[in-house]
Amino acid sequence: MLPMPLEFVLFAVTLAGVAILHRRNLEVALVGLAAISAYKWLAFDYALATHFLHEWKLVLNLLGLLLGFAILARHFEDSGVPDLMPRILPDDWKGGFLLLILIALMSTFLDNIAAAILGGVVARKVFAGRVSIGYLAAIVAASNAGGAGSVVGDTTTTMMWIAGVPALHVADAFIASAVALLIVGFFASRAQHRYQPIQAEPRRDVHVDVEELGVLSVVVLTRVLVTGLIIGGAVAGNVLIEFPALGAWIAVLIGGRLHPIPWGEAKNAWKGAVFLIALVLSASLMPVAALPPASWETTLGLGFVSAVFDNIPLTALALKQGGYDWGMLAFAVGYGGSMIWFGSSAGVAISNGFPEAKNTWQWIRQGWFVPVGYLLGFFVLLMLLGWHPDVLK
């Protein structure tokens, strides 16, 4: 008697609960997953164990990346490098703008979760610990924008690449990403400058001198090296075995020989990781057999759907169905999740370090420029290149 399957109703209630009860988001997500699972099992005798076993690699990858990159963030923050960023960044609103561009550039070759986390670490330092929720939304948008056009920058684009989509077709998304980044960067940076200006100079007690061989320099060099190892491990794991988390954790353990592993950071990030996994598994239980017919209108809508629905199953369905313009789809499902903090793994990762970002209303209110950037970027791409569906062979 419902206008839609009950699974969708339960999922919608779960998402509404996460948005309203943001201080209890983990409990809400777990209760929602339990309710959806129980209904599938009781009403349809659904093979839950088989389904969840099928999702094991995705679950381990998300868990490993969120925990591993939390350790990465601590090594990077303690290296002293973020404290020196005021020497590089302009000391007005253009400093925040340049930082967002750097985050997007990092995300083109590095997983967008890591790019967002590293950007958040730098922002915390250069803005003296006062980072607005709107600027946090901009960091997530920048990391997702950079990853949208790169086959190694986002899980969804890597899926397309593996399925046979040429990397140059995915790269069309960079046109839309550039437009969105300009919009987001301009408004977010000016708002952040009014909220908390960037530091004009680094603290006097921070020095990173690679020429010295003293105790301080050895620690700094070691942390920088470990940071590079973890980044390199994630990239290698993604390219070689399609499992970036494994590569990242191998690097974490190797790095532990050079500097003690800050296990406390992984402990602090586990709740966010479990929360994201609960939402992803709930989304995977939705009875979506196919998407609407492929068109630019459908693709535009999928961007908004990605703000609340995991983009990995959406991408898998699109690849199975075929007939999409893959560059346009990559931008839609990659960048679209930036509109709400739990719409992408990068947003969840940022919220682990900045709990205030879990206020969904403030994210939408202060980050209003994120959906504006999405719409402008999408239609500029459509106007310049048009709709060119590509059927996979």
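**A polar contact, a nonpolar core and a surface patch**

The side chains of Gln-196 and Arg-130 make a polar contact at 3.1 Å (a pair of N or O atoms within 3.5 Å, where one must be able to donate a hydrogen and the other to accept it, and where residues adjacent in sequence count only if both atoms are side-chain atoms). The model is predicted, with local features needing pLDDT of at least 70 and side-chain atom pairs pLDDT 80 or more, while totals for chains, interfaces and linings use all residues. Residues are numbered from 1 along each chain, and side-chain values use heavy atoms, without hydrogens and water.

Gln-196 sits in the loop between helix H10 (173–195) and H11 (helices being DSSP runs of H or I, at least four residues, numbered from the N terminus). Gln-196 has a relative accessible area of 17% and is therefore buried (under 20%, with a 1.4 Å probe and protein chains only; exposed is over 50%, partly exposed in between). Beyond four places in sequence, Gln-196 touches Phe-127, Ala-128 and Arg-130 (heavy atoms within 4.5 Å).

Turning to the interior, the largest nonpolar core has 120 residues, and Phe-275 is one of those that touch the most other members (such a core joins buried Ala, Val, Leu, Ile, Met, Phe, Trp, Tyr and Cys residues through side-chain atoms within 4.5 Å). Phe-275 is in contact with residues including Val-18, Leu-26 and Trp-341.

Helix H11 spans 215–241 and includes Ile-241. Ile-241 has a relative accessible area of 42%, so this residue is partly exposed.

Terms used: Helices (H or I, at least four residues) and strands (E, at least two) are DSSP runs, numbered from the N terminus.
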